[in-house]
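Q: I would like to learn how to read a structure like this one, starting with its sheets and then turning to its charged side chains. Could we go through it step by step?

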Amino acid sequence: MGNTCCTCVDQSSVEVIEQFGKFSRIAYPGFNTVWCCIGERVAGGLSLRIQQLDVRCETKTKDNVFVDVVVSVQYQVIRESLYDAFYKLTDSRSQITSYVFDEVRATVPRMPLDDVFTSKEDIARNVKEELQKSMTAFGFQVLNVLVTDIEPAAKVKAAMNEINAAQRLRLAAYEQSEADKVRIVKAAEADAEAKFLAGQGIARQRQAIIAGLRESVQTFATEVTDVNSRDVMELLLITQYFDTLKDIGLSGKSSTVFMNHSPGTLGDVSNQIRSGFMQAMAAAPGQAMHR
């Protein structure tokens with residue numbers, strides 16, 4: 001470039017022209033003449049585009065966990081400070097990397113690992129403020145800083161996943177136990193309600209049987225004059241007795257029942273049934289008075 005007499009500068013770029021090694025002027029995009037005869041030459045160029053630098057920094061957290069923090073820095077040359085941007089820094093990218101390392105390693109060690117993940121914006125803001133103060137003097141403007149990745153060691157990530165899995169399993173077990181508890185309570189309530197309703201049904205059934213027997217005795221005694229009410233009661237009780245035996249025999253869940261069933265003992269059966277009814281009727285008024 002030093003032996004040419006002209007130069008073409010690309011859009012969004014500038015070139016620095018020196019004369020005998022001293023800064024002379026800035027060549028802007030387009031065609032520019034370089035007077036080689038008077039010692040001018042193109043010393044170098046600068047891009048005016050926004051540039052991005054990704055910095056991976058290894059550091060340690062407050063709870064002694066090593067993590068890799070990836071910071072993306074978006075920066076641009078200040079148009080009013082082209083001289084400073086070209087002459088004050090030999091390598092701007094290395095300078096930015098050093099500032100990122102310094103700020104990340106000063107901020108992250110004050111945080112536990114969990115807080116590092118939730119404080120990415122705070123880390124990025126601190127890095128941007130530090131870079132802005134430092135790089136402005138060198139002709140560079142820091143536009144944005146992003147913490148794009150936080151990567152702990154593989155064993156640490158596996159341990160964190162296991163902790164999370166254990167917490168979720170514990171929560172699932174608790175919810176399952178609560179569901180079982182509700183199921184058991186509801187089943188007990190349903191069983192109690194079923195037994196209550198069954199008791200009411202049995203009581204109503206017995207009341208209906210007594211009412212039917214009473215009506216049958218009254219009807220039989222009215223229509224048949226040669227039979228007294230006691231004989232009618234014995235006949236009804238014997239009929240009920242046979243119906244009961246029939247029900248026992250038809251039931252699929254019934255077991256073997258041994259009973260004295262000779263013809264001579266039917267009178268004893270009726271006497272026993274009548275005696276049971278009499279005792280129940282005699283006990284009922286006493287219980288009512290006691291209540």
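A: Let us begin with what pairing means here: two strands pair if DSSP finds at least two bridges between them. Keep in mind that this is a predicted model. With that in hand, you can find Ser-13, which stands opposite Ser-47 in strand 5.

Q: Which strand does strand 5 join, and over how many bridges?
A: In general, the strands of a sheet pair through backbone hydrogen bonds, and they do so either parallel or antiparallel. In this case strand 2, residues 13–19, is joined to strand 5 by 7 bridges, and the two run antiparallel.

Q: In what order do the strands of this open sheet lie?
A: The open sheet has 3 strands in the order 3-2-5, with antiparallel pairing. Strand 3 (22–27) and strand 5 (40–47) stand at the edges, and because each has a single partner strand, one side of each is left without a neighbour in the sheet. Neighbouring strands of this sheet are turned against each other by 30° on average, direction ignored.

Q: What is the strand order in the open sheet that contains strand 7?
A: There, 3 strands form an open sheet in the order 6-7-8, and the pairing is antiparallel. Strand 6 (51–60) and strand 8 (140–152) are at the edges, each with a single partner strand, so one side of each lacks a neighbour in the sheet. From one strand to the next, the twist averages 20°. If you follow strand 7, residues 66–77, you will see that it pairs with strand 8 in the antiparallel sense over 11 bridges, and that Val-71 has Val-147 in strand 8 as its bridge partner.

Q: Which strands does helix 2 lie across, and which does helix 4 lie across?
A: Helix 2, residues 92–107, lies across strand 6, strand 7 and strand 8, and runs at about 35° to strand 6. Helix 4, residues 120–135, lies across strand 7 and strand 8, running at about 145° to strand 8.

Q: Turning to the charged side chains, how many salt bridges does the structure hold?
A: The general idea is that side chains of opposite charge can pair when their charged atoms come close. The structure holds 10 salt bridges, and one of them is formed by the side chains of Glu-40 and Arg-25, at 3.0 Å from N to O. This pair links distant parts of the chain, since Glu-40 is in strand 5 and Arg-25 is in strand 3, 15 residues apart.

Q: Is Glu-40 buried or exposed?
A: Buried means under 20% relative accessible area. Glu-40 has 6% relative accessibility, so it counts as buried, whereas Arg-25, at 26%, counts as partly exposed.

Q: Which residue forms a salt bridge with Asp-84?
A: The partner of Asp-84 is Lys-88, and their closest N and O atoms are 3.8 Å apart. Asp-84 counts as partly exposed at 22% relative accessibility, and Lys-88 counts as partly exposed at 47%.

Q: Where do Lys-186 and Glu-189 lie?
A: Both lie in helix 5, residues 154–223, and they are 3 residues apart, which is about one turn of the helix. Their side chains meet in a salt bridge of 3.8 Å, N to O, and Glu-189 is partly exposed, with a relative accessible area of 45%. Elsewhere, salt bridges that share partners join Arg-56, Asp-68 and Glu-151 into one network.

Conventions. Residues are numbered from 1 along each chain as its sequence is written. This is a predicted model: local features need pLDDT of at least 70, side-chain atom pairs count only at pLDDT 80 or more; totals for chains, interfaces and linings use all residues. Side-chain values use heavy atoms; hydrogens and water are left out. Helices (H or I, at least four residues) and strands (E, at least two) are DSSP runs, numbered from the N terminus. Axes are lines fitted to C-alpha atoms, for helices over the stretch in contact, and angles run from 0 to 180 degrees between N-to-C directions. Contact means heavy atoms within 4.5 Å. A salt bridge is a side-chain nitrogen of Lys or Arg within 4 Å of a carboxyl oxygen of Asp or Glu. Buried means under 20% relative accessible area, exposed over 50%, partly exposed in between (1.4 Å probe, protein chains only).
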